[in-house]
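Here is a short briefing to keep beside the viewer. It goes through sheets first and helix packing afterwards.

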Amino acid sequence: MKFECIVEQLLGAVATSVRFVERRANLPVLGSILLSADGGRVILRATNLECGVEITIAAKVLGEGVVAVPGAILYGFLSNIKGKTVSVELKGEVLKVEAERATASMKTVPHEDFPILPRVSAERSFSAKSSDLMRAIRSVGYCASTSAIKPELQSVLLFGEAGKLTAAATDSFRLAEKTVPLRVGGSVPQLLFPARNAAELVRILEGVSGDVEVYYNDNQLSTHIGEVYCTSRLIDGAFPNYRQIIPKSFSTEAVILREDFAAALKSLSIFADKFSQVSLQIEPAKKAILLTSRNPDVGEQVSTVRATIQGDAAAMNFNGRYLADSLQAISGESVRIHSNGPGKPLLIKDAADESFFYLAMPMNR
Amino acid sequence: MTTTKELWENALVELELTISKPNFNTWFKDTHITRIEDGVVYLGVPSQFARDWLSTKFHKDILRSLRGLSENIRAVEYVISRGPKKTAEEVVRTSAAAVSELPLEAVHQSTNLNPRFTLSSFVVGPFNELAHAAAQAVIRKPGIAYNPLFIYGPTGLGKTHLIQAVGNHFRQNAERKVYYVTTEKFSMDYVSALQSGKVQSFKEKYRQYDLLVMDDVQFLAGRDKIKEEFFHLFNYLHDNNKQLVFSSDQHPNVIQNLEDRLKSRFAAGMVVSITPPDHQSRLAIVRTKAAQHNVILPDEVLEYIATTVEGNVRELEGALNTLLIQFEMRGEPLELSDAKTLLRGMGSAIKKTVSVQEVVKTIANFYGVEENSIYEKTRRKEVVRPRQVIMFLLREDFRISFPTIGDKMGGRDHTTVIHSCEKIKNDLRSDSILNQELHQIRLMLK
């Protein structure tokens, strides 16, 4: 096997693929990237059996063939070379990679054991702008649970209805939901996309524009955008019926500037205790929200955020991180906070945008 | 013939020899047979990756090893299935507990009852008819008929089934609030309420119910704070004519480390026991369970199960399930001889004989006295009691004659033996510790 290609292209593909290799695999071949060269292109594949990726790049193929090389090593070498083009050649069991000023010989791994990447038939599919899908997942993904006790909460829920795609995630302490428009495909059943794999997909989507095609069946979800094919298993389970816990009416509503809120939360974190506790007092009389954090070993801080408030005064405690998290998905200038008093979840929204909301439970001390 | 689980385990043993270890560990982890139909084995695999790879790379090996084990198998299909649910891990929440949870679960889990347990699926026989009747009375006149209803009996006889059935019937009237809780859960709730300073809402939560069903209350023993909380809860519900239903493995009076005030309260309504089913009932149970699975087994097979598997209903179900899986796999009727081979080792039909020496040894050990001192003519207090217990058990459980017992116990007169047995029998009426001891000794002798 022998081929030549542009360094930047190969490096980009390897950098993406290497995130999909399994580093501590039982099966050594899963720690490697599979390169197959034929007919003017090179296909890179990597998988950890949870999800997998396949990237095609253009290349001048001088000899067809297949090889598996340890992903981390290939990536490490390529990310440090200079020059425009690189030549790759398999000699016996060694892969020779030649760049302008550096040459490396890498031991390869027998590639016969490299698994097939699952294909999903195009029967059931939808498509969206890649930036939309990325925004949907990114707006909620951080809420997914990291504990394996409830696998269904380790996921980003995706479903489509009436031409809109909804993404939601919760770890049962907070919950976020984001809606984006769909391009094709009106109704999509509930798909539980593992949050870790969804984060990888986001990183792929960051680098490309255009429409992304999503194919799914009961167990697997695949995305196709440009030259990148990405596939992930789906979690088998039922996502909690979260819509019925969203409060409909509120005793207090406050609108504040996002920047003020974010800055206050950031500096409050310096004084927060180990639970990141922040107390939030909504004071209609003072037209302000008072935020306090206190750590007996450090000291305490009180921040006042000016607000337009309707309704009653309210005071609650929150995990400050949970409040700050909500702001990363809000891009508008002001934030609307809805409360029903102590012990009840707090609803946070972009004041100008109805497509996102965030629900956080207060602390009970 | 073997069960599907054994079949797959045997096949895996063979496959492990032909496939490299890394490959085997990667691809055969979490696989299992979901079912066998018309000679087709449906193999459950964890993901599409595994399905694609197994079916292209290892299909031949898998089919060969399965065929080697069972000739009826002619094909293998792969299905994606997460496999039998792993038992839920106990979660001990630490710092995260400081934040309350969104009520994602509470919405459809307000009663904690398993809808599978109803009175119609409960087989009634002489061994449990009183308990069943009491349960029905409670359903008809909650809070009035028998309050509390206390059901006790050994494990696996349907206590949980019966008390949950009460809850399920009670729940049909939507306005009434029912809650089923195990004592373990109750304790955990209380402890976490204490830790998070929410004792008040804990109290409110449990006081709102019209029917509280509590399982395995014997575990209350020894937990002072929880017992106290329970005591107040009991009084509150009882005073407000709310129905209480309890289960336990013992009569309230013999539960160790339980205050008299609780014992007397448990016993205040109706205390009813479920005993192990007699032969006729066992037969009826096996027949009903088989019918629930839509399988008709020959009478002699049913008879065999009922005779072989003595004692508890859960074991009966286990035995029946073993047979049903076979039946499903083979698709042909089961004969008595099949049942016999399959259930070998399952039953306790042959009562184990225990030698006198063994009994003496076990009991001497239990009380921490020298075995030899039992046979000696000493009247030291610490030896006399064990000796009396030995004689009592030899008489009651092993039906040995008084003179023989006397003889074996170092040549004592049979009247001494009679006296000992009477003494222990009398003490048992009032001494709950002795009751416990005997219970444990009997378990050790089994």
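What follows is a tour by topic, from chain A to chain B.

This is a predicted model, so please read every value below as computed from it. Chain A contains six helices and 25 strands, and an eight-stranded open sheet is the part of it described here. In chain B, we look at a three-stranded open sheet and at two helix pairs, H10(B) with H12(B) and H14(B) with H16(B).

**Chain A overall**

- Of the 365 residues in chain A, 44% are buried.
- Take the contacts in chain A between residues at least 6 apart in sequence: 68% of them join residues at least 24 apart.

**The eight-stranded sheet of chain A**

- Following the sheet across, you meet the strands of chain A in the order E6-E2-E3-E4-E17-E16-E15-E10, and the pairing is antiparallel.
- The edges belong to E6 (65-70) and E10 (125-129) of chain A; each has a single partner strand, so one side of each is left without a neighbour in the sheet.
- On average, and ignoring direction, neighbouring strands here are turned by 15° against each other.
- For a look at one pairing, try E3 (residues 41-47) and E4 (residues 51-58) of chain A, which run antiparallel and share seven bridges.
- Within that pairing, Thr47(A) lies opposite Gly52(A) of E4(A).
- Helix H3 (residues 130-140) of chain A packs on the sheet, where it touches E10, E15 (211-216) and E16 (220-225) of chain A.
- The direction of H3(A) makes about 95° with that of E10(A).

**The three-stranded sheet of chain B**

- The strand order in this open sheet of chain B is E1-E2-E3, with mixed pairing.
- E1 (32-37) and E3 (75-80) of chain B are the edge strands, and each of them pairs on one side only.
- From one strand to the next, the twist averages 25°.
- E2 (residues 40-45) of chain B pairs with E3(B) in the parallel sense, over six bridges.
- Val45(B) has Ile80(B) of E3(B) as its bridge partner.

**Helices H10 and H12 of chain B**

- H10 (residues 279-292) and H12 (residues 313-330) of chain B have axes that come within 10 Å and cross at roughly 45°.
- That angle makes H10(B) oblique to H12(B), and the crossing is right-handed.
- H10(B) brings Arg282(B), Ile285(B), Val286(B), Lys289(B) and Ala290(B) to the contact, while H12(B) brings Val313(B), Leu316(B), Glu317(B) and Leu320(B).
- By character, the residues of this contact are six nonpolar, three charged and no polar.

**Helices H14 and H16 of chain B**

- The axes of H14 (residues 356-367) and H16 (residues 381-396) of chain B also come within 10 Å, crossing at roughly 140°.
- H14(B) and H16(B) are therefore oblique to each other, and H14(B) passes H16(B) in a right-handed crossing.
- On the H14(B) side, the contact is made by Val356(B), Val359(B), Val360(B), Ile363(B), Ala364(B) and Tyr367(B).
- On the H16(B) side, Pro386(B), Val389(B), Ile390(B), Leu393(B) and Leu394(B) take part.
- The residues of this contact divide into eleven nonpolar, no polar and no charged.

Methods
Residues are numbered from 1 along each chain as its sequence is written. Chains are lettered from A and ligands numbered from 1 in the order in which they are written. This is a predicted model: local features need pLDDT of at least 70, side-chain atom pairs count only at pLDDT 80 or more; totals for chains, interfaces and linings use all residues. Axes are lines fitted to C-alpha atoms, for helices over the stretch in contact, and angles run from 0 to 180 degrees between N-to-C directions. Helices (H or I, at least four residues) and strands (E, at least two) are DSSP runs, numbered from the N terminus. Angles under 35 degrees count as roughly parallel, over 145 as roughly antiparallel, 65 to 115 as roughly perpendicular and the rest as oblique. A crossing is left-handed if the near helix is turned anticlockwise from the far one by less than a right angle, and right-handed if clockwise. Two residues are in contact if their C-beta atoms, placed from the backbone, lie within 7 Å. Ala, Val, Leu, Ile, Met, Phe, Trp, Tyr, Cys and Pro count as nonpolar, Asp, Glu, Lys and Arg as charged, and the others, Gly among them, as polar. Two strands pair if DSSP finds at least two bridges between them. A residue is buried if 20 or more other C-beta atoms lie within 10 Å of its own, exposed if 12 or fewer, and partly exposed in between; C-beta atoms are placed from the backbone.
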